[in-house]
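Thanks for making time this morning. I would like to walk you through one structure, going from the helix out to the surface, so please keep the sequence and the view in front of you.

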Amino acid sequence: MYDIAYGDITHKPNPCLGPIEKPPFYAIPVYRGALGTKGGPNINTKGQVLNAHGEVIPGLYVAGNMMPAVSGRGYGGFGGTIGPGMTFGYIAGIHAAKEAKSRK
């Protein structure tokens, strides 16, 4: 009931659901778990974890509910950590792969 404000009130029967019509489509498994976070280790724009001095800890990355919320103290609602989790997971994965390749 409270999340209806985030939907399209002109869409019936449920303002929070609508058609998905235009590709490309992407899918990932999503499992229930802990809701959000307001903490976690400090990170840089590559998803690398920083130590207490602000220096990169080599090989340590974080994404999703384990990282600080990109929205600061606010939380937009259900699923608000999925997008940042996917984004930082992708960014961290690309960076980690480049780092591994450069070490060979």
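How many residues does α1 have, and how far does α1 reach from its first C-alpha to its last? This is a predicted model, and everything I say should be heard with that in mind. In the model, α1 has 22 residues and spans 31 Å between its first and last C-alpha, which is close to the 32 Å expected at 1.5 Å a residue. Seen down the axis of α1, its buried residues fall within an arc of 115 degrees, so they line one face of the helix. The buried residues of α1 are G85, F88, A92 and H95. As background, an α-helix has 3.6 residues a turn, so residues three or four places apart point the same way.

What covers that buried side? The cover over the buried residues of α1 includes β1 and β2, while the face of α1 turned away from the buried side carries Y90, K98 and K101, which are exposed.

Let me stay for a moment with one of those buried positions, H95, which lies in helix α1. Is H95 buried or exposed by its relative accessible area? H95 has a relative accessible area of 13%, and because buried means under 20%, H95 counts as buried. Leaving aside residues up to four places away in sequence, H95 touches K46, Q48 and Y61.

Stepping back to the whole chain, the secondary structure of the protein comes to 1 helix and 2 strands, and read along the sequence these follow the pattern β-β-α. Of the 104 residues of the protein, 13% count as buried. Among contacts with a separation of 6 or more, 49% are between residues 24 or more positions apart. The protein exposes about 8400 Å², of which carbon and sulfur atoms supply 62%.

Now to the surface, where I28, V30, I82 and M86 make a nonpolar patch of about 350 Å². Two of its members deserve a closer look. I28 lies in the segment before β1, which runs over 48–50, and I28 counts as partly exposed because its relative accessibility is 45%. V30 is also placed in the segment before β1, but V30 counts as exposed, at 55% relative accessibility. How far apart are the C-alpha atoms of V30 and I82? They are separated by 8.8 Å, although V30 and I82 are 52 residues apart along the chain.

A second pair that is distant in sequence involves G76, which sits in the loop between β2 (56–61) and α1 (82–103). G76 is exposed, with a relative accessible area of 52%. G76 and Y6 are 70 residues apart in sequence, yet 9.3 Å apart in space, C-alpha to C-alpha.

One last local feature, for those who look at backbone geometry. A cis peptide bond joins P23 and P24, with omega at about 10 degrees, and P24, like I28 and V30, is found in the segment before β1.

To bring the threads together, α1 has its buried residues along one face, with β1 and β2 included in what covers them, and I28, V30, I82 and M86 form a nonpolar patch at the surface. I am happy to go back to any of these positions.

How values were computed. Residues are numbered from 1 along each chain as its sequence is written. This is a predicted model: local features need pLDDT of at least 70, side-chain atom pairs count only at pLDDT 80 or more; totals for chains, interfaces and linings use all residues. Side-chain values use heavy atoms; hydrogens and water are left out. Patches are made of residues with over 30% relative accessible area and no salt bridge: like charges are joined within 9 Å, nonpolar side chains (Val, Leu, Ile, Met, Phe, Trp, Tyr) within 5 Å. Accessible areas come from the Shrake-Rupley method with a 1.4 Å probe; for residues, only the protein chains shown count as cover. A salt bridge is a side-chain nitrogen of Lys or Arg within 4 Å of a carboxyl oxygen of Asp or Glu. Helices (H or I, at least four residues) and strands (E, at least two) are DSSP runs, numbered from the N terminus. Buried means under 20% relative accessible area, exposed over 50%, partly exposed in between (1.4 Å probe, protein chains only). Contact means heavy atoms within 4.5 Å. The expected span of a helix is 1.5 Å times one less than its number of residues. The arc is that of the directions from the helix axis to the C-beta atoms.
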